[in-house]
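Please look through the structure below with the sequence beside it, and follow the chain slowly as the paragraphs take up one part after another.

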Amino acid sequence: MLLHDKLQGYDVVLASASPRRRELLSATGIKYRLAERFECEENYPSTLSAEEVAPYLSLLKSHAYPHNLAHNELLITADTVVILEEDVLGKPKDEAEAREILRRLSGNDHYVVTGVTLRMQHSERTFASRSRVRFAELTDEQIDKSDEKRKRAGLTEASAVLTKEEVKQ
């Protein structure tokens with residue numbers, strides 16, 4: 001039995017503003033609805049390892065969801081982080097910081113970790129997936145040209161356009 005079939009009768013709720021997450025879930029054929037936007041402070045304890053941050057934030061978002069879940073609702077939350085040399089690279093505050101992050105990534109391998117939480121009324125499960133990404137060597141001109149892609153898609157998605165090869169682990 002396919003996952004699509006197993007979810008018949010469930011109200012799947014995706015709590016994410018990410019167009020990529022909507023695209024991925026839609027590609028599965030699973031019917032879902034988008035949750036209303038809600039606030040969640042995306043802070044994490046400094047004692048966490050870099051690999052623990054994405055699943056922690058995913059669970060934090062799930063617990064911040066402001067509505068009680070009905071017996072047939074399945075809430076999906078997620079968070080993705082970029083890790084370079086054990087540093088979690090946060091979302092850039094401005095274009096200058098985005099350029100600096102791209103300079104750091106240029107020519108280096110880094111990890112992209114996505115944490116996902118699936119929660120129902122009486123149960124929840126959080127897990128993570130990690131990919132190693134080899135970033136292409138970028139010139140300053142290429143970094144400057146990537147500004148528009150970052151504005152439209154965010155650093156993580158724009159970086160995919162600039163990578164030389166992705167290696168799953």
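In this predicted model, E85 has its place in the loop between strand 3 and strand 4, and E86 lies in the loop between strand 3 and strand 4 as well. Most residues other than glycine have a negative phi. E85, however, has a positive phi, near 50°, and E86 has a positive phi too, near 70°. Are these residues buried or exposed? With a relative accessible area of 60%, E85 is exposed, because the cut-off for that word is over 50%, and E86, at 62% relative accessibility, likewise counts as exposed.

From this loop one can step back to the whole chain, whose secondary structure comes to seven helices and seven strands. Read from the N terminus on, these elements run α-β-α-β-α-β-β-α-β-β-α-α-α-β. The chain has 169 residues, and buried residues make up 35% of them. If one takes the contacts between residues at least 6 apart in sequence, 64% of them join residues at least 24 apart.

How the strands are arranged can be followed from strand 3, residues 73–84, which pairs with strand 5 in the antiparallel sense over nine bridges. Within this pairing, T77 stands opposite T117 of strand 5. Strand 5, residues 109–120, is also joined to strand 6 by 12 bridges, and these two strands run antiparallel. Strand 5 and strand 6 form a hairpin, with two residues between them, and one of the bridges has D109 with R134 in strand 6 as its partner. For looking along such strands, it helps to recall that in a regular strand the side chains alternate between the two faces of the sheet.

Helix 3 covers residues 50–64, and its 15 residues should span 21 Å at 1.5 Å a residue; the C-alpha atoms at its ends are 22 Å apart, which agrees. Which residues of helix 3 are buried? They are A50, V53, A54, P55, L57, S58, K61 and S62. When reading such a list, one may keep in mind that an α-helix has 3.6 residues a turn, so residues three or four places apart point the same way. The buried residues of helix 3 pack against strand 3, strand 4, strand 5 and strand 6, and S62, which lies in helix 3, gives an example of this packing. At 0% relative accessibility S62 counts as buried, and, leaving aside its neighbours within four places in sequence, S62 is in contact with L75, T77, T117 and R119. Two of these residues, T77 and T117, are the ones that stand opposite each other where strand 3 pairs with strand 5.

The loops on either side of helix 3 hold the next feature, for a search of the whole structure finds one aromatic pair. The rings of F38 and Y65 have their centres 5.6 Å apart and their planes at 80°, so the pair is edge-to-face. F38 lies in the loop between strand 2 and helix 3, whereas Y65 lies in the loop between helix 3 and strand 3, so the pair ties together parts that are 27 residues apart in sequence. F38 is partly exposed, with a relative accessible area of 23%, while Y65 counts as buried at 8% relative accessibility.

In soluble globular proteins, nonpolar side chains tend to be buried together. Here the largest nonpolar core is made up of 12 residues, namely V82, L84, L89, I101, L102, L105, V112, V133, F135, A136, L138 and I143. Strand 3, helix 4 and strand 6 are the elements that give two or more residues to this core, and helix 4, with three residues, gives the most. Another core lies apart from it and has nine residues, among them L7, I30, I76 and V116.

It remains to ask where in the chain confidence is lowest and where it is highest. The chain averages a pLDDT of 85, and 86% of the residues score at least 70. Confidence is highest in helix 3, at a mean of 97, and lowest in strand 7, residues 163–168, at a mean of 44. Over residues 160–169 the pLDDT is below 50, although this stretch has 24 contacts in the model beyond near neighbours in sequence.

Terms used. Residues are numbered from 1 along each chain as its sequence is written. Side-chain values use heavy atoms; hydrogens and water are left out. Helices (H or I, at least four residues) and strands (E, at least two) are DSSP runs, numbered from the N terminus. The expected span of a helix is 1.5 Å times one less than its number of residues. Buried means under 20% relative accessible area, exposed over 50%, partly exposed in between (1.4 Å probe, protein chains only). Contact means heavy atoms within 4.5 Å. Rings of Phe, Tyr and Trp (its six-membered ring) pair if their centres lie within 6.5 Å; planes under 30 degrees apart count as stacked, over 60 as edge-to-face and the rest as tilted. A nonpolar core is a set of buried Ala, Val, Leu, Ile, Met, Phe, Trp, Tyr and Cys residues joined through side-chain atoms within 4.5 Å. Two strands pair if DSSP finds at least two bridges between them. pLDDT is the predictor's confidence in each residue, from 0 to 100.
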